[in-house]
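Trainee: I would like to learn how to read the features of a model one at a time. Could we start with the vocabulary and then turn to the case at hand?

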Amino acid sequence: MTMASSHLSGSSSSSHSHSGRGHGRVRLVSSSQQQRFRPWRGPGRSSPTSTWVAMAKAREASEFLAGERVANLKDGAAVDGPDLSVTVNGIKFPNPFVIGSGPPGTNYAVMKKAFDEGWGGVICKTISLDAGAVHNVTPRYAKLKAHDNKQVLGWQNIELISDRPTEVMLAELKQLKEEYPDRVLIASLMEEYNKDRWDELIGRTIETGVDALEINFSCPHGMPERRMGAAMGQDCELLQDVTKWIADASTIPVWAKMTPNDINITSPGRVSLDNGIDGLAAINTIMSVMGINLKTLRPEPSVEGYSTPGGYSAAAVRPIALAKCMSLAKMIRDEYPGRSLSGIGGVETGKDAAEFLLIGADTVQVCTGVMLHGYPLIKTLCGGLQEFMEEHDFKSIDEFKGAALPYFTTHAELYRMQEEAIAAKKAAKVGLKNDAEWTGDGFQAETDSMVSNN
């Protein structure tokens, strides 16, 4: 699989970005729309030439994003429009969008690209001490497409964690922090059930200068024979020890990345927070079999005619991710105020992200979305989120974070509220059933109750 290419300039002052509130907005256009597009030149607008160049550059992000608003970013921060910055665990992000751990954070070149495009933060591909034990195969991805055979609804991977030497990954993280000291860089870590190994990995990683750690307790196919990834994250007894080791060893904020393959995601989340972990991230991919090739009769992705279950992501998982995040957000609100939540799962637009923020997430991670649409996706993610905020007159993310959370309840409570509403409507009935119900004292009000155009 080749990642979507991109030539959008990392220059934060590029003229393709939208103007302030009240003026026309620059939006992505598909190739078929180009001929119909005529940029409006109002106050403060860029020249036709620069706008056309911007449109040409933005188009490559994806035809899927045609019509999306493009934000004006400088070093990841919104130059105009609503403020997108968030502060999480004492770390200031210029915008809430973070590259999720995976191929988009696999080496120096791609992480640099993410910063140059304006991503609020970057999480590297998961590191362990023994990269030599990691052996990836190819092909390792498969798609589930809509019936039009264009839009990708689901994505499966059987990819493992980083197969690059630990010292190389750590050196590149150090180089990135030296070159981008004010940008948020997070290291994703995974290890065996061994305190000494965790102590070593955490110590060496912190020395690179990264801002935080994300612990991968959730890869569904990541070396379960070594009790790593989801094999550890679904075992609360193992988590009890490991999260304590990590919290004791780390001098920077730590997020625990949760698996959706556990029926009750709050149980491992609670263990993590009880032992001093600063925040949670959810969800990682869902264990899946993408499908069977009806021509070859073999499973996909096929490696020498064989396959193995892997992690499912992309747009189709978003409702599941929202449900899991809702459960974690309620737990954090009620039991662990001040801890954080990073929402993950199927985000491709700014309005997708708004749903996670409304449910209580502090940041929103994107991995598969970048693989499908390229690093310039950040421009439309921020633009779409700003558009949502302007529709509701929100000036900052803090004004609406968690706003939808109080409206989740039990089915029994929904029934009770509906019965009360029905009873109230009956009690305030309009009109009279028959002539016998007229009264002398209430005659005028009774008459008025049957007038249709009051």
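Mentor: Let us begin with burial: a residue is buried under 20% relative accessible area, exposed over 50%, and partly exposed in between, with a 1.4 Å probe and protein chains only. This is a predicted model, in which local features need pLDDT of at least 70 and side-chain atom pairs count only at pLDDT 80 or more, while totals for chains, interfaces and linings use all residues. Residues are numbered from 1 along each chain as its sequence is written, and side-chain values use heavy atoms, with hydrogens and water left out.

Trainee: Are Phe93 and Trp255 buried or exposed?

Mentor: Both Phe93 and Trp255 are buried.

Trainee: How is a pair of aromatic rings described?

Mentor: Such a pair is described by the distance of the centres and the angle of the planes. Rings of Phe, Tyr and Trp (its six-membered ring) pair if their centres lie within 6.5 Å, and planes under 30 degrees apart count as stacked, over 60 as edge-to-face and the rest as tilted. A search of the whole structure finds eight aromatic pairs. For Phe93 and Trp255 the ring centres are 6.4 Å apart and the planes are at 20 degrees, so the pair is stacked. Because Phe93 lies in strand E4 (residues 91-93) and Trp255 in strand E11 (residues 254-257), the pair ties together parts that are 162 residues apart in sequence. Elsewhere, ring pairs link Phe388, Phe394 and Phe400 into a cluster.

Trainee: How are the helices and strands assigned, and what can be said of H11?

Mentor: Helices (H or I, at least four residues) and strands (E, at least two) are DSSP runs, numbered from the N terminus. The expected span of a helix is 1.5 Å times one less than its number of residues. Helix H11 (residues 377-391) has 15 residues and reaches 21 Å from its first C-alpha to its last, close to the 21 Å expected. Since 14 of its 15 residues are buried, H11 is largely enclosed by the rest of the structure. Just after H11, Asp393 takes a positive phi of about 60 degrees.

Trainee: In what order do the four strands of the open sheet lie?

Mentor: Two strands pair if DSSP finds at least two bridges between them. The order is E7-E8-E16-E13, with antiparallel pairing, and the edge strands, E7 (141-145) and E13 (286-288), each pair on one side only. Strands E8 (residues 152-157) and E16 (residues 310-313) pair over three bridges, and Gln156 stands opposite Tyr312 in E16.
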